[in-house]
Amino acid sequence: MEFILENWPIIVAAIAVVAVAAVAVARFVGLPTEAQLSKVREWLLWAVTEAEKDLGGGTGQLKLRQVYDLFVTRFPWLAKLISFELFSNMVDEALEEMREMLDTNQAVKAFVEGTV
């Protein structure tokens, strides 16, 4: 009982963190499957853009590895459910979308090239 009295702020904070995490997971899991995939695809677009900015052209395998490492960190439960082949295909789709953005949007091009 003394432990609880001495550490009640830490215990309350830990409970709050767990509750917030549970609500976030419940909201994401509650989304329809297509909405979940849409969010992952949006995140993948950001990740491949960052990898392109960091590593530049001609480094495809390094960029894929960087994006996969970020993906495993961001979505550890999802990384266990999908194959690397499927993930690689999703990255390819995000790369195509990023290339289209680079061709049509000067702000994105400047961001990736580091001229912003």
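This is a short talk about a pocket, a helix and two residues in a predicted model.

Hi everyone, and thanks for coming. Please keep in mind that the model is predicted. Let's begin with the pocket.

The largest pocket holds about 250 Å³ of space. What lines the largest pocket? Going along the chain, we meet Ala-21, Ala-24, Val-25, Phe-28 and Val-29, followed by Lys-39 and Trp-43, and then Arg-74, Phe-75, Pro-76 and Trp-77. Three elements give two or more residues to this lining: α2, which covers 8–30, α3, covering 33–55, and α5, covering 76–79. Which of them gives the most? That would be α2, with five residues. If you like to think in residue classes, the lining has nine nonpolar and two charged residues, and no polar ones.

Now over to helix α6, residues 84–104. Does the length make sense? Let's put that properly: what span should we expect for its 21 residues? At 1.5 Å a residue, α6 should span 30 Å, and the C-alpha atoms at its ends are 30 Å apart, so the two agree.

Next, the two sides of α6. The buried residues of this helix are Phe-87, Ser-88, Met-90, Val-91, Ala-94, Leu-95, Met-98 and Leu-102. Around the axis they cover an arc of only 155°, and therefore they sit on the same side of α6. What do these buried residues pack against? Their partners are α3, α4 (60–74) and α7 (106–113). Turn the helix around, and the face pointing away from the buried side carries the exposed residues Glu-85, Glu-96, Glu-100, Asp-103 and Thr-104.

Let me finish with two single residues. Glu-52 belongs to helix α3. Is Glu-52 buried or exposed? Its relative accessibility is 16%, so it counts as buried, the cut-off being under 20%. Leaving aside residues up to four places away in sequence, Glu-52 touches Gly-57, Lys-63, Met-98 and Val-112. You may remember Met-98 from a moment ago, as one of the buried residues of α6.

The other one is Asn-105, in the loop between α6 and α7. With a relative accessibility of 32%, Asn-105 counts as partly exposed. How far is Asn-105 from Ala-51? In sequence they are 54 residues apart, and in space 18 Å, going from C-alpha to C-alpha.

That's my tour. Thank you for listening!

How values were computed: Residues are numbered from 1 along each chain as its sequence is written. This is a predicted model: local features need pLDDT of at least 70, side-chain atom pairs count only at pLDDT 80 or more; totals for chains, interfaces and linings use all residues. Side-chain values use heavy atoms; hydrogens and water are left out. On a 1 Å grid over the protein atoms alone, a cavity is a set of points where a 1.4 Å probe fits but cannot get out, and a pocket is an open set with protein on both sides within 12 Å along at least five of seven lines; lining residues have an atom within 4 Å of a point. Grid points are joined across faces, edges and corners, and a volume is the space filled by probe spheres set on the points. Helices (H or I, at least four residues) and strands (E, at least two) are DSSP runs, numbered from the N terminus. Ala, Val, Leu, Ile, Met, Phe, Trp, Tyr, Cys and Pro count as nonpolar, Asp, Glu, Lys and Arg as charged, and the others, Gly among them, as polar. The expected span of a helix is 1.5 Å times one less than its number of residues. Buried means under 20% relative accessible area, exposed over 50%, partly exposed in between (1.4 Å probe, protein chains only). The arc is that of the directions from the helix axis to the C-beta atoms. Contact means heavy atoms within 4.5 Å.
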